[in-house]
Amino acid sequence: MELLDLIKYRRSIRKYSDKQIPKEDLQKIIEAGAYAPNAGGGQRSIIVAVHNRELTEKIGIMNLAKFDRSKLLGSYVSKEQPSVIDDTSIKNGFYGAPTVCIIFTPKNFLYGIPDAFCIAENMVLEATNLEISSCMVARGEETFDNDFGRELLKKWEIPDGFIARCFVLLGYCDGEYPKSKPRKIERIKIIEE
């Protein structure tokens, strides 16, 4: 598939089957993330892949524990793939994805958030290329701000001063793969003068 076609085909999936992704594919997805653009070529980010459904479930629940709905812009995402914004009964911020990659960057680094999301974008595109469904999720900063979260960070040897910026959910779509939403053409402007 051509790159632009792949970009147009990719969707954020929030309903996952129980099937785990192959470790070989996970390694390719991580490699794509490692080659993402990053500020000054510093490669300051850390990618932790959790290839364990039980653990992703626990971390996904922690991800929603401090979710502040008052900061939302809009209240509807998708009927086919509802988000925590659409459905307050969803208690797992990772929607049952069997694998989740966590992207950490230095907390006080000016370009930490852009670096993390460049990594995440590369990862979801490679996942789509491998016919694996994905979704990017934020709310990283709060997720590990609890005893179990701090215990995990210590176990994973995440240096002090690093913070989770975003997550890449990986798995296989449960149900029909959603169609594209129409693009809002008023968002695009080309200035030539």
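Trainee: In which strand does Ser134 lie?

Mentor: This is a predicted model, and every position discussed here is read from it. Ser134 has a relative accessibility of 1% and therefore counts as buried. The element that holds Ser134 is strand 3.

Trainee: Leaving aside neighbours within four places in sequence, which residues are in contact with Ser134?

Mentor: Closeness in sequence is excluded here, and for Lys91 the separation from Ser134 is 43 residues in sequence and 18 Å in space, C-alpha to C-alpha. With neighbours within four places left aside, the contacts of Ser134 are Arg11, Ser12, Ile13, Tyr16, Val124, Ala127, Leu169 and Leu170.

Trainee: In what order do the helices and strands run from the N terminus on?

Mentor: The chain has six helices and four strands. Read from the N terminus, the order of these elements is α-α-β-α-β-α-β-α-α-β.

Trainee: What is the radius of gyration of the chain, and how does that value bear on whether the chain is compact?

Mentor: The C-alpha trace spans about 50 × 40 × 40 Å along its principal axes. For 193 residues the globule rule gives 16 Å, and the chain comes close to this, so it is as compact as a globular protein of that length. The radius of gyration of the chain is 17 Å.

Trainee: Among contacts between residues at least 6 apart in sequence, what percentage join residues at least 24 apart?

Mentor: As background, 42% of the 193 residues count as buried. Among contacts between residues at least 6 apart in sequence, the share joining residues at least 24 apart is 84%.

Trainee: Which residues of the largest nonpolar core touch the most other members?

Mentor: The largest nonpolar core holds 25 residues, and those touching the most other members are Ile102, Phe104, Phe144, Phe167 and Leu169. At least two residues of this core come from each of strand 1 (46-50), helix 3 (53-65), strand 2 (99-106), strand 3 (133-137), helix 6 (147-155) and strand 4 (162-171). A second core, of 17 residues, is separate and includes Ile29, Ile103, Ala116 and Ala127. To return to the names requested, the residues are Ile102, Phe104, Phe144, Phe167 and Leu169.

Trainee: How many disulfides does the structure hold?

Mentor: A disulfide requires two cysteine sulfur atoms within 2.5 Å. For Cys101, which is buried at 0% relative accessibility, the closest cysteine sulfur is that of Cys166, at 10 Å, and this is too far for a bond. Cys173 is also buried, at 18%, and its sulfur is 11 Å from the closest cysteine sulfur, in Cys135, again too far for a bond. The count of disulfides is zero.

Trainee: Is the aromatic pair of Phe109 and Tyr111 stacked or edge-to-face?

Mentor: The structure holds six aromatic pairs. In the pair of Phe109 and Tyr111, the ring centres are 5.9 Å apart and the planes stand at 75°. Phe109, at 21% relative accessibility, and Tyr111, at 43%, each count as partly exposed. Planes over 60 degrees apart count as edge-to-face, so the pair is edge-to-face.

Trainee: How many residues apart in sequence are the parts that the pair of Phe144 and Phe167 ties together?

Mentor: This pair is tilted, with 6.4 Å from centre to centre and 35° between the planes. Phe144 is buried at 5% relative accessibility, and Phe167 is buried at 0%. Because Phe144 lies in the loop between helix 5 (140-143) and helix 6, and Phe167 lies in strand 4, the pair ties together parts whose separation in sequence is 23 residues.

Trainee: Which residues form one aromatic cluster?

Mentor: Phe144 and Phe167, the tilted pair, both belong to the cluster. The full membership is Phe94, Phe104, Phe144, Trp156 and Phe167.

Trainee: Over the face of which residue does Lys19 lie?

Mentor: Lys19 is placed 4.6 Å from the centre of an aromatic ring. The residue that provides this ring is Tyr172.

Trainee: What is the phi of Glu157, and where is this residue found?

Mentor: Most residues other than glycine have a negative phi. Glu131, in the loop between helix 4 (112-129) and strand 3, has a positive phi of about 65° and is exposed at 68% relative accessible area. Glu157 is exposed as well, at 69%, and has a positive phi near 60°. The place of Glu157 is the loop between helix 6 and strand 4.

Notes. Residues numbered from 1 in each chain as written. Predicted model: local features only at pLDDT ≥ 70, side-chain atom pairs only at ≥ 80, totals over all residues. Heavy atoms only, no water. Buried < 20%, exposed > 50% of the residue type's maximum accessible area, 1.4 Å probe, protein only. Core = buried A, V, L, I, M, F, W, Y, C linked by side-chain atoms within 4.5 Å. Phe/Tyr/Trp six-rings, centres within 6.5 Å; stacked < 30°, edge-to-face > 60°. Lys NZ or Arg CZ within 6 Å of the ring centre and 35° of its normal. Contact = heavy atoms within 4.5 Å. Rg over C-alpha atoms; globule rule 2.2 N^0.38 Å.
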